[in-house]
Amino acid sequence: MAVEFGELLRDLRLGAGWTQEELADRSGVSVHSISMLEAGRRRPRLSSVARLADGLALSADRRERLVAAATDRPAATDRPAHPAPPETATTAAAAAAAEAVRGPRQLPADSRLFTGRVAEGEFLAEVAEQAPDGTEAGMVVLCVITGMGGVGKTALAVRTAHRVGERFPDGQLFLDLRSHTAGLEPLGAEDALETLLRSLGVPANRIPSGLTDRAALFRARLSGTRTLILLDNASSAAQVRPLLPGSTGCLVLVTGRSPLVGLDDAHLLTLDVLPEDDAVDLLRRVAGAGPADRGEPADFAELARLGGRLPLALRILGARLRHRPRLTAAALAEELREERHRLARLRDEDRDLAALFRSSYRDLPPEEQRLLRLLGVLPGEDLEVCAAAHLLGAERRDAERLLESLLGHHLLAQPAPGRYRMHDLVRAWSRTLAEEEPPARREIAARRLLDHYQDTAERAGHRLARYRGHRPPPAGPAPRPAPDVDSPERARDWLRAERHNLLAAMARSSDPLRRSVLTAALAPILELDGPRSEEAALHLAAAEAAVGQGRPLDRAEALWRVGRSHRLAGRFEEAAELLARADRLYGELGDPHGEAQVAWERGRLAYQSGDPARAVELSGHALAGYRRLGDPQGEAHTLWDLGRARWLLGENVAAEELLDAALAAYRALGDRVGEAHALGDLGHLRYARGRAAAGADLLERALAITRELGDRQSEANTAWLLGRIRLLQGAHPQARELLDLALAGCRELGTRQGEASTLSALGELHLATGRTDTAIELQRQAAAVFRASGNPHGEANALHGLALALRTAGDRAAATGLLHGVLETFEADGDPQAQAEVLNSLGLLAADAGDLPEALVRHRRALDLARRNDSPLDEARALLGIGHCLPPAERPAAVAAVRRGLALLEAAGAAEAVEARARLTVLTDGQEQA
């Protein structure tokens with residue numbers, strides 16, 4: 001047969017006038033194979049026959065002759081006469097030959113419900129394109145698709161195999177290796193090879209015994225072919241390796257719950273759960289069309305979340321909806337909310353999610369099984385290695401090894417280096433699994449974990465805290481293994497990462513003292529990250545718990561912290577009441593440090609409430625108390641607050657000296673947060689005093705520090721200050737970026753005062769860029785927030801911005817009325833700088849109305865206040881107003897005023913200098929230049 005085929009092939013090739021190389025180019029069969037076939041030294045494969053026939057462009061009868069020679073059967077022209085017409089017989093023969101050449105087609109049916117996985121499908125398609133040439137090392141192209149049970153590995157592999165199947169005409173093989181099939185043993189490599197060889201047409205009596213000989217025959221049968229092989233449900237590299245072709249041209253797709261790390265040359269694709277939109281889409285598609293009131297989008301979104309966005313769970317839930325027409329998504333979600341019973345509802349007649357997880361559990365070694373049981377007692381959703389070690393009562397390296405093993409089996413995920421997290425449904429199952437651990441052991445493991453959390457949280461909280469209470473630092477060495485929290489940065493990172501676990505531990509603990517200690521330890525990160533409402537609620541709960549336990553000092557500190565949270569959130573009345581309660585309690589206890597602490601916080605409250613004189617008084621009391629106690633940290637804080645309050649009173653020289661002293665104190669303490677605060681206020685003050693370059697530079701440095709430290713509140717505050725300066729400089733895109741950053745930070749933290757201040761600044765920006773209606777709306781929003789929080793000074797600032805926007809909109813009467821009320825507020829506050837700003841604005845409105853004498857009075861009053869307050873910007877604006885209002889007879893004085901104002905604006909780097917220069921040109925009739 002081989003000789004006859006070879007002679008026929010040679011004759012056909014020479015008849016076409018081609019060399020072996022040319023036929024190889026046209027057919028895709030190698031020159032070596034063609035040479036061996038023509039010499040009769042190789043049995044022809046039907047796949048090669050088809051490719052050679054295509055390359056030679058043979059007619060139907062010649063193709064039939066070539067196939068007949070390859071299969072050792074007579075061609076149509078050599079057979080006896082047939083009842084059917086000749087042309088019909090030829091067609092049937094060609095169809096039979098084509099079917100023989102095509103090779104086996106064993107792929108399972110693709111699903112019309114397949115959803116999403118676009119990026120993963122493209123990745124696999126790109127892998128398939130590499131199959132003809134093989135890997136860089138000349139190996140067969142292999143891809144392992146891995147992921148947790150139920151994540152849709154097989155569905156994706158089947159979809160891909162159908163998508164690229166036509167590139168593999170010699171066969172598309174499918175084999176379930178049964179590694180996680182309930183009730184069945186995994187398929188061994190030797191048995192798997194027998195099944196695959198039978199699929200390739202090898203008779204049973206020609207399949208050798210023994211793994212080695214079967215693997216060799218399998219490789220030989222696939223040599224030179226383009227075959228796709230899908231090996232589903234694999235357990236190990238050892239199971240898969242003998243089933244791989246030995247040469248290029250084929251594609252092997254493998255699915256399994258472990259990554260099969262022993263297959264070094266494999267591409268690896270790890271599947272996660274579906275994104276929310278795809279999960280909802282799959283759920284709806286499985287559920288099918290139903291009544292219009294089947295569920296709102298939010299109901300399906302919740303149902304997808306409760307199903308863990310796991311495709312198998314979503315298919316089960318969708319099927320329940322499809323087969324129960326009166327069941328709504330909302331009602332089904334209600335059934336699933338109780339975590340304890342959720343898995344029991346995620347099964348049907350042939351699919352059971354809990355059984356799927358149980359099969360994964362059975363495959364684990366005993367140590368990993370124990371860890372998975374103990375993970376069921378976790379209070380939170382994730383953990384790091386040290387926590388796992390304490391949970392197990394093991395060494396760190398042993399805990400890490402076991403965690404990595406569970407990660408490899410896709411029973412854990414790794415959202416960040418060093419942290420491990422269970423899928424929601426696996427966590428629900430593990431809590432049921434934990435009940436298999438003896439209760440005493442479970443209790444001991446949970447206590448070890450909580451002790452670890454408490455000890456590390458105390459150490460981290462003390463290291464990060466800038467406002468330390470009465471609690472002494474933890475004594476003695478930390479229990480091992482322990483995370484490194486010995487610097488403020490590492491302490492912050494640990495507290496931030498463990499925050500939700502610590503809160504969950506507090507909620508689960510029945511020990512009120514443990515809850516109190518954890519709350520105090522969390523205080524620094526709660527203050528950094530907010531939200532303020534959660535911070536206040538936790539400290540208030542700690543205060544109430546301290547009453548029942550007879551711990552008045554803990555209660556006083558907790559009340560102080562609640563008051564501080566309310567003050568930061570802009571709830572000034574609540575803050576004042578709680579701080580007064582804390583002050584009374586500290587006084588009854590005779591605690592001078594607590595009294596100094598309350599005085600300092602009440603000074604800050606007075607400052608933010610627009611009472612700088614009271615702020616100076618209270619901060620002075622706090623400063624004296626901290627100095628008596630020898631508390632350099634408290635001293636630095638109050639120096640900073642005194643500087644800010646003095647500035648608000650117009651005492652700029654004293655304010656700058658105090659802020660410089662605070663900056664030096666913070667640097668001596670290594671307090672980077674305090675350094676950033678002082679730099680920010682110094683930058684603002686220096687800019688306001690006409691030193692623009694120095695001020696902006698200080699603020700840039702402050703912003704860099706806050707970003708480095710991850711201090712979101714300070715970053716938002718500094719971004720607001722720098723954004724206002726960039727606005728005044730006319731750098732509108734930079735101003736918008738900074739103010740948007742500040743607004744997002746304040747809203748995330750729940751800092752209403754900061755949100756209102758930023759809304760007002762954004763209103764100024766929109767006014768400067770011609771969006772007057774937006775500016776009006778933003779200023780109204782800002783004023784409403786300030787009013788609701790009891791900050792008349794902030795409200796007055798926002799109303800000032802609103803008046804300027806109304807002036808631009810043409811409503812001068814409303815603008816004037818607002819400004820008179822604002823001026824009264826600032827006069828009552830004793831804020832000369834703010835008064836100067838408002839008087840300049842009133843001067844502009846009077847000039848708009850043609851009342852230049854009244855405008856001149858306003859601007860001259862503003863000039864006097866600005867000079868007494870050392871406020872160059874307000875002085876410049878007053879001078880420009882005066883230059884505009886002076887009569888023609890006093891043109892030299894007008895020119896002098898405008899020229900002086902221009903010089904101040906240029907020194908400050910203000911964008912208003914452009915308009916001032918144009919005004920000076922008009923006044924000098926173009927003969928003088930600025």
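Let me begin with strand S1 and strand S4 (residues 251-256), which are joined by six bridges and run parallel; helices (H or I, at least four residues) and strands (E, at least two) are DSSP runs, numbered from the N terminus, and two strands pair if DSSP finds at least two bridges between them. Before going further, I should say that this is a predicted model, in which local features need pLDDT of at least 70 and side-chain atom pairs count only at pLDDT 80 or more, while totals for chains, interfaces and linings use all residues. Residues are numbered from 1 along each chain as its sequence is written, and side-chain values use heavy atoms, with hydrogens and water left out.

Staying with S1, Val-141 stands opposite Leu-251 in S4. On S1 there is also a pairing with strand S5 (residues 267-270), again parallel, through four bridges, and here Cys-143 stands opposite His-267. In general, strands of a sheet pair through backbone hydrogen bonds, either parallel or antiparallel. How many of the six residues of S1 (residues 141-146) are buried? Six of the six are, where buried means under 20% relative accessible area, exposed over 50%, and partly exposed in between, with a 1.4 Å probe and protein chains only. Both faces are covered, with Val-141, Cys-143 and Ile-145 on one side and Leu-142, Val-144 and Thr-146 on the other.

Leu-251 comes back when we turn to the nonpolar cores, a core being a set of buried Ala, Val, Leu, Ile, Met, Phe, Trp, Tyr and Cys residues joined through side-chain atoms within 4.5 Å. The largest has 105 residues, and those touching the most other members are Leu-251, Leu-303, Leu-353, Leu-372, Leu-375 and Tyr-453. Apart from it lies another core, of 73 residues, with Val-785 and Ala-866 among them.

If we leave aside neighbours within four places in sequence, Leu-303 is in contact (heavy atoms within 4.5 Å) with residues including Ala-329, Leu-332, Ala-333 and Leu-336. Those four are buried in helix H15 (residues 329-336), and, seen down the helix axis, the buried residues of H15 fall within an arc of 100°, so they line one face of the helix; the arc is that of the directions from the helix axis to the C-beta atoms. They pack against helix H13 (297-306) and helix H14 (311-323).

Next comes an open sheet of three strands, in the order S6-S8-S7, with antiparallel pairing. Strand S6 (382-384) and strand S7 (413-416) stand at the edges with a single partner strand each, so one side of each is left without a neighbour in the sheet. The twist averages 40° from one strand to the next; axes are lines fitted to C-alpha atoms, for helices over the stretch in contact, and angles run from 0 to 180 degrees between N-to-C directions. Three bridges link S6 with strand S8 (residues 419-421), and Glu-384 has Arg-419 in S8 as its bridge partner. Helix H18 (residues 385-392) packs on this sheet, touching S6 and S8, and its direction makes about 95° with that of S6.

I will finish with two single residues. Leu-450, in helix H21 (residues 439-464), counts as buried because its relative accessibility is 17%, and it lies 9.0 Å from Pro-379, C-alpha to C-alpha, although the two are 71 residues apart in sequence. Thr-519, in helix H23 (residues 512-529), is buried with a relative accessible area of 4%, and, not counting residues up to four places away in sequence, Thr-519 touches Met-506, Leu-538, His-539 and Ala-542.
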